Amino acid sequence: MNAADERPIRILVAKAGLDGHDRGAKVVAAGLRDAGFEVIYTGLRQTPEMIVDAAVQEDVDAVGLSLHSGAHMTLFPRVLELLRERGAEQILLTGGGIIPEADMDALSAMGVGRLFGPGTPLADLEAYIRAEVAERRATAS
Amino acid sequence: MSSLADDIRAGDRRALARGLTLVENDLAAGRDLLVALGAGGGAHRIGITGPPGAGKSTLVSALAAMWRREDRQVGVLAVDPSSPFTGGALLGDRIRMLTHSGDDGVFIRSLASRGALGGLAVGIYDAADLLAAAGFDPVVIETVGVGQGEVEICRAADTTVVVLAPGAGDVVQGMKAGLLEIADVLVVNQADREGADGLVSALESAAELRDAPAPPILKTVATRSEGLEALCAALDARGADAGSGLAERRLDRARARLRATVDGRRADRFWEGRSDALEAAARAVAAGERSAEQAATELLEGDDA
C-alpha cells in the first residue's frame, strides 16, 4: 500500500468501562475530525470485544480509548490481546484519562501506545498519532 | 493478492476490512482484488436515504436483526459527510447498530463521503461489489442525511428506501426535490409520534399526482421493531423482481459502471508519461495562446484509443 499514505487517518474513539462520562471522548473525537481524521465514534460503555470488533471491521489505523473508571489495567491489556488475536496488532492503541504514571509505564511495556492525561493539548495527541501511524503504515507496505 | 481474495472467500473479516480499504482508496490492489474475487451473484443492494434524524441507522439495525433470523449475511455501508474544509469526518452510525457487535453475520463499515456527491462516498460501488462477492446479501447502503437533491443512491442501489419522520421535513419540499421520486419504498418511521398519519396521507396524495405507480408507504417504529415484517416483505418482493423494475435498474447500473470503469482505465493509460505535455498545454491555454479544444486536440493526436 505505498501510495496509500495520502489517505486520511482512520481512528476509532470509544469510551470503555462503566462510567458514563463521555464529554472528554466527544471533545477528542470532534477535535481529531477537525484535524482531518476520519473518526469512528461508538459511544459509551464499550466492552473490549465490541471495541476490537469495530476496529477490525472499520480497518482503522488507531484506537483511542477514553477511560475514567480506574479499570485501565484490565481494559487496555484486554483490548491489546484481542487485537493480536484478530491479527490486528498493527493498529495503534492509545488513549487517555486519569491514569497514574507508573501504570502508564507498565502499559507501555505491554505494547500500549502513549496515554494522555487530562488537559493534554489536542495538537500533541494529533502529532503523536500522525507520527505513529505513518511509521506503522510504512512497515506494513 | 489472490491470498487476500481467498481469505475473504473463507470468511476472514479482517481480510474483508482490508479489502474495503483498498477499494475505498482506489488503489490498484483494490482493482486486482475485485477482478480476483469475481461477481459472487446478485446480492440485493438496498439504499436507505432520508433527512437527518429520520432514524435511518436505527432502521438499518432493526432490518439487520430481521434478516439475521433468516440466517442471511448482512453487509452495511454507512456514509457520513466529510468536512469540505479539513477532510475530516465524524462517523457515528455504528452507535445505533451496536446490538450486532460480535455477530460475524453482520458487517458494518463506515465511510466518509470525501467530496462525493449525492450523499454517497467515493468507491461506494466497488465497496458494495466487494461485500456482494464476499457473500453478503443484502448489501445495505445508508446515505448521509439528505435534504433535497441528493438522489445518487437510486443509481447505486437496486431498491431505494426513503425514510421520513413526522415533522422531520416538509413533504412538499421533498416533492419538489425528487426525494419522493426515487423511492421504491417509502417509510414513515417514528410512527408513534404525532403527525405520522398526516405525513402518510400527504405522501399518498403526493404519489397520486405522479404518473408512475405509487410506491408502498409503510409505517415503522424502528426502536421497537414495529412494522419491520411488512417492510422486509416489501423489500423481498422487490428483490424477487416481481415486475418491480429491478432487472432494468441493474442493467442501467451495469452499463453506466462499465462505461465509467473503461473510461477511467483508459484515461489512466493515456496520462501515463504525459505530465510534461499536460503542463505545457495547460500553460498555453492559461496564457490565452491556445483554446482548450485546440490543446486537447493536439494532446490526443496520435492516440489510437
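Reader: How does the lining of the largest pocket divide by class?

Author: By class, 21 of its lining residues are nonpolar, 15 are charged and seven are polar. Keep in mind that this is a predicted model.

Reader: What makes this a pocket and not a cavity?

Author: A pocket is an open set of points, whereas a cavity is a set where a 1.4 Å probe fits but cannot get out. The largest pocket holds about 1300 Å³. Among its 43 lining residues, B:Tyr125, B:Asp126, B:Asp129, B:Arg257 and B:Thr261 are the closest to its centre.

Reader: Which helix gives the largest share of the lining of the largest pocket?

Author: That's H10(B), with 14 residues. Helices H2 (13-24), H3 (28-37), H5 (124-133), H6 (153-156) and H10 (246-271) of chain B each put in at least two.

Reader: How many cavities of 30 Å³ or more are there?

Author: Two make the count. The largest has a volume of about 90 Å³, and the second largest has about 40 Å³. Set against the cut-off of 30 Å³ or more, both are counted.

Reader: Which residues line the largest cavity?

Author: Chain A gives A:Gln46, A:Met50, A:Asp53, A:Ala54 and A:Gln57, while chain B gives B:Arg94, B:Met97, B:Leu98, B:His100, B:Ser101, B:Val106 and B:Ile108. H2(A) brings the largest share, four residues. Helix H2 (48-58) of chain A and strand S4 (106-112) of chain B each supply at least two. The lining has six nonpolar, four polar and two charged residues.

Reader: And what makes up the lining of the second largest cavity?

Author: B:Leu180, B:Leu186, B:Leu203, B:Ala206, B:Ala207, B:Arg210 and B:Pro215 do. Leu, Ala and Pro count as nonpolar and Arg as charged, which fits the split of six nonpolar, no polar and one charged. Helix H8 (residues 196-208) of chain B gives the largest share, three residues.

Reader: Why is S4(B) called largely enclosed?

Author: A residue is buried if its relative accessible area is under 20%. Seven of the seven residues of S4(B) are buried, so the rest of the structure largely encloses this strand.

Reader: How do you know that both faces of S4(B) are covered?

Author: Buried residues sit on each side: B:Val106, B:Ile108, B:Ser110 and B:Ala112 on one, B:Phe107, B:Arg109 and B:Leu111 on the other. In a regular strand, side chains alternate between the two faces of the sheet.

Reader: How do you know that S2 of chain B and S4(B) are joined?

Author: Pairing takes at least two bridges. Strand S2 (residues 74-80) of chain B has seven bridges to S4(B), and the two run parallel. In this pairing B:Gly75 faces B:Phe107 of S4(B).

Reader: What makes S5 of chain A and S3 of chain B edge strands?

Author: The open sheet has six strands, ordered S5(A)-S4(A)-S3(A)-S1(A)-S2(A)-S3(B), with parallel pairing. Strand S5 (115-116) of chain A and strand S3 (89-91) of chain B each have a single partner strand, so one side of each lacks a neighbour in the sheet.

Reader: How many bridges link S3 and S4 of chain A?

Author: Six, in the parallel sense, between strand S3 (residues 62-67) and strand S4 (residues 92-97) of chain A. Here A:Leu65 lies opposite A:Gly95 of S4(A). H2(A) packs on this sheet, with contacts to strand S1 (10-15), strand S2 (38-41) and S3 of chain A.

Reader: What angle does the direction of H2(A) make with that of S1(A)?

Author: About 165°. Angles run from 0 to 180 degrees between N-to-C directions.

Technical notes: Residues are numbered from 1 along each chain as its sequence is written. Chains are lettered from A and ligands numbered from 1 in the order in which they are written. This is a predicted model: local features need pLDDT of at least 70, side-chain atom pairs count only at pLDDT 80 or more; totals for chains, interfaces and linings use all residues. Side-chain values use heavy atoms; hydrogens and water are left out. On a 1 Å grid over the protein atoms alone, a cavity is a set of points where a 1.4 Å probe fits but cannot get out, and a pocket is an open set with protein on both sides within 12 Å along at least five of seven lines; lining residues have an atom within 4 Å of a point. Grid points are joined across faces, edges and corners, and a volume is the space filled by probe spheres set on the points. Contact means heavy atoms within 4.5 Å. Buried means under 20% relative accessible area, exposed over 50%, partly exposed in between (1.4 Å probe, protein chains only).
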